[in-house]
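Good morning, and thank you for joining this meeting. I shall present one structure today, and I invite you to keep it in view as I speak.

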Amino acid sequence: MVVSSSSPPLQVVLGSRASSDSSATQCAAESPAIRGNSTAYILGTSAYPRLGSGLKLKIDGRVPMEDRKAPLSQFRPKSLLLSTFRVVAINISSTLSTYFSDQLTSEQDNEKLVDDGEITPYEADEMNEEWESREWQKRMDILPKKIGYALLRFHACTALMRFYELIIGRYILCVDGNARLESGSIPGRGNSTYEHSVDVMDKLTRDPFQASLRTSQILHNQEHSPGKVLSTDGKETSTSSELYKQMYTTCLWATIIPFLAELTVQHGVLLYGYGVYYMEKKRRRKEREMSNSDGDEQCKDEQDETEPVDETAYALSILFRSSHLTFSRGVSLIAASVGGAVGSVIYPGWGAIFGIQIGDTSVGALLD
């Protein structure tokens, strides 16, 4: 077989090259030469045994789907400790902020009563002290239960995320295990369908923290003048604008599966709450009907009027709440992506994480 001298050379690299911080910078600096004169392929990588072999290395030196987490990875000691600390810290801070906000509101209401002459300042102080002791004790008593529910919800969402990733990777995109072989997708230089599927899966499983650091480093290395780079469409733009644009797209893709898992858990909680309420209402109605079976028709008629069990209204209420919940999570997805992009511009890495969290919680506070 004769190979033309004009054919671009083939570079075979190890996937571990992408694991080091310096590799991303090196690959980004070499990327024009790689795109123009050669093609880089991976000689096997990834936590999944059959993923990565024969795939093109990303421009940032990253292995395709490198950020994807393995099943049950959240139960590893380090991940479990960090996630538990995060959930506990969020719930404690939320409880304290709510307490101080309610305390301020209560004190302002008492001050208004003092100004109106309804109570004396001494009585207002006593009411404030009584409120503080009562509310503090009540909130501290329910805090452990609140943290427990939050941890259970977190792990349920994480498990659903891994489940959705498995379904998408194995049955929809066919990039996992033997699914790619059964679908006829053999990775190689000419298989654009498989490479596109891997690219989509890679976008869905990106780590915003690492993506923010890598993208910021690459753009700064590509600056042809201070603060100026060429955008993806070839126009000159500021580094911050290009970083915002790329990170918005990255965060939007990367948060689809987490938000879908969160939406599923919220719908499960919604249906469970409605189901418990509906069954309890029917049980109470049945008990009262049995207690009135001795001939007290007046009490029975009053019960029918005060607590009717209307399945149609019940279903419409669930549909309305479900639609509102879906709309709220959809807006939160966009707001979180914007927050992640802005946070990446301010402080790459942790800025993306805090931006996503702020965008999500702000929309939740407005729409929920």
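Let us begin just after helix 3, where Cys-174 takes a positive phi of about 55°. Please bear in mind throughout that this is a predicted model. Why does such a phi deserve attention? Most residues other than glycine have a negative phi. Cys-174 is a residue other than glycine, and yet its phi is positive. The residue belongs to the loop between helix 3 and helix 4, the latter covering residues 179–182. Is Cys-174 buried or exposed? Its relative accessibility is 16%, and because buried means under 20%, Cys-174 counts as buried.

A second residue invites comparison. Leu-72 is not a glycine either, and its phi is positive, at about 65°. Leu-72 sits in the loop between strand 3, residues 53–56, and helix 2, residues 77–115. Here the relative accessibility is 58%, so Leu-72 counts as exposed.

While we are speaking of cysteines, let me add two points. Cys-157 is buried, with a relative accessible area of 9%. How many disulfides does the structure hold? The number is 0.

I return now to helix 3 itself, which covers residues 121–172. Where does helix 3 bend? The bend is at Leu-143 and amounts to about 35°. A proline, Pro-144, follows within four residues.

Helix 7 offers a check that you can follow with simple arithmetic. This helix runs over residues 239–254, which makes 16 residues. At 1.5 Å a residue, helix 7 should span 22 Å, and its end C-alpha atoms are 22 Å apart, so the two values agree. Which residues of helix 7 are buried? They are Thr-239, Glu-242, Leu-243, Met-247, Thr-250, Cys-251 and Ala-254. Because these residues cover an arc of only 155° around the axis, they lie on the same side of helix 7.

Finally, I turn to the nonpolar cores. The largest one has 13 residues, and those touching the most other members are Ile-168, Leu-173, Val-175, Met-201 and Ile-257. Which helices each supply at least two residues of this core? They are helix 3, helix 5 (192–204) and helix 8 (256–291). Helix 5 gives the largest share, with 5 residues. Apart from this core lies another, of 10 residues, including Leu-333, Ala-336, Ala-341 and Ile-356.

Thank you for your attention.

Terms used: Residues numbered from 1 in each chain as written. Predicted model: local features only at pLDDT ≥ 70, side-chain atom pairs only at ≥ 80, totals over all residues. Heavy atoms only, no water. Bend = angle between axes of the 7 residues up to and from the residue. Buried < 20%, exposed > 50% of the residue type's maximum accessible area, 1.4 Å probe, protein only. Expected span 1.5 Å × (residues − 1). Arc of directions from axis to C-beta. Disulfide = S-S within 2.5 Å. Core = buried A, V, L, I, M, F, W, Y, C linked by side-chain atoms within 4.5 Å.
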